[in-house]
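Please open the model in a viewer and keep a selection tool at hand. The tour moves from one selection to the next and describes what is found at each stop.

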Amino acid sequence: MGLLSTETLQRLRENRNHDDPVPVVKLFTPYGNWAWLLAFQDGTDRDKLFGLCDMGIGQPELGYVRLSTLEDYDIRGIVIEHDSGAVFDKPLSHYARTARENGKIVT
């Protein structure tokens with residue numbers, strides 16, 4: 001199984017039809033400041049996911065990331081993980097605005 005479950009990928013596909021979707025999943029690096037709130041999968045390239053990306057430099061931004069890149073990330077055994085406690089009840093634009101105000105993703 002890859003980084004994202006079949007159910008999560010299905011929800012990401014369904015979300016691409018919404019103007020301002022609610023994020024589906026939060027991923028993060030456990031020993032770093034990197035985080036992703038993923039909202040939808042591209043309609044023509046299933047390897048492209050759209051969401052809020054935070055590389056830990058105080059400038060989170062909306063954009064695309066490749067699922068294959070996230071799945072291949074492994075630095076000395078540290079891999080990207082799911083934040084299983086993250087609950088989303090607002091659209092992506094809310095999280096993007098809050099992240100810009102705080103310099104990091106806040107859930």
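The stops below begin with the sheet, continue through the cores and the aromatic rings, and end at a helix. The model is a predicted one.

**The sheet**

Begin by displaying the strands as a cartoon. They include an open sheet of five strands in the order β4-β3-β2-β1-β5, with antiparallel pairing. At the edges lie β4 and β5 (81-82), each of which pairs on one side only.

Select β2 (35-41) and β3 (48-54) next. These two strands run antiparallel and are paired over six bridges, and a hairpin of six residues connects β2 to β3. To follow the register, pick A35: its bridge partner in β3 is D54. How much of β3 is covered? Six of the seven residues of β3 are buried.

Extend the selection to β4 (61-66). The pairing of β3 with β4 is likewise antiparallel, and it spans six bridges. Here L52 has L62 of β4 as its bridge partner. The hairpin of β3 and β4 has six residues between the strands, and within this hairpin G56 adopts a positive phi near 75°.

Now cross to the other end of the sheet, where β1 and β5 run antiparallel and are joined by two bridges. Select L27 and look across to β5, where H82 stands opposite.

**The nonpolar cores**

Hide the cartoon for a moment and show side chains. In general, nonpolar side chains of soluble globular proteins tend to be buried together. In this model the largest nonpolar core has 16 residues, and those with the most contacts inside it are L4, L27, W36, L38 and L70. At least two residues of this core come from each of α1 (6-15), β1 (25-28), β2, β3 and α2 (67-72). Another core, of 13 residues, lies apart from it and includes L37, A39, F50 and A99.

Return to L38 and display its surroundings. Which residues does L38 contact once its neighbours within four places in sequence are left aside? The list is L4, L12, P23, V24, V25, L27, L49, F50, G51, V65 and L70.

**Aromatic rings**

Colour the aromatic residues next. The whole structure contains six aromatic pairs. One of them is formed by W34 and W36 in an edge-to-face arrangement, with 6.4 Å from centre to centre and 85° between the planes. Are these two residues buried or exposed? W36 has a relative accessible area of 4% and is therefore buried, whereas W34, at 32%, is partly exposed. Add Y73 to the selection, and one aromatic cluster of W34, W36 and Y73 is on display.

F88 and Y95 make up another edge-to-face pair, with centres 5.8 Å apart and planes at 90°. F88 is buried, with a relative accessible area of 15%, and Y95 is buried as well, at 5%.

A further ring worth selecting is that of Y64. K48 lies over the face of Y64, at 4.5 Å from the ring centre.

**Helix α3**

Finish by selecting residues 92-102, which form helix α3. Its buried residues are L92, Y95, A96, T98 and A99. Why do they share one side of the helix? They cover an arc of only 165° around the axis, so they fall on the same side of α3. As background, an α-helix has 3.6 residues a turn, so residues three or four places apart point the same way.

Rotate the view to bring this buried side to the front: the buried residues of α3 pack against β2, β3 and β4. Then turn to the face pointing away from the buried side, where the exposed residues R100 and E101 are found.

Within the helix, select T98. T98 counts as buried because its relative accessible area is 16%, and the cut-off for a buried residue is under 20%. Not counting residues up to four places away in sequence, T98 touches K104 and V106. The last stop is G103, just after α3, which takes a positive phi of about 75°.

Methods:
Residues are numbered from 1 along each chain as its sequence is written. This is a predicted model: local features need pLDDT of at least 70, side-chain atom pairs count only at pLDDT 80 or more; totals for chains, interfaces and linings use all residues. Side-chain values use heavy atoms; hydrogens and water are left out. Buried means under 20% relative accessible area, exposed over 50%, partly exposed in between (1.4 Å probe, protein chains only). Helices (H or I, at least four residues) and strands (E, at least two) are DSSP runs, numbered from the N terminus. The arc is that of the directions from the helix axis to the C-beta atoms. Contact means heavy atoms within 4.5 Å. Two strands pair if DSSP finds at least two bridges between them. A nonpolar core is a set of buried Ala, Val, Leu, Ile, Met, Phe, Trp, Tyr and Cys residues joined through side-chain atoms within 4.5 Å. Rings of Phe, Tyr and Trp (its six-membered ring) pair if their centres lie within 6.5 Å; planes under 30 degrees apart count as stacked, over 60 as edge-to-face and the rest as tilted. A charge sits over a ring if NZ of Lys or CZ of Arg is within 6 Å of the ring centre and within 35 degrees of the ring normal.
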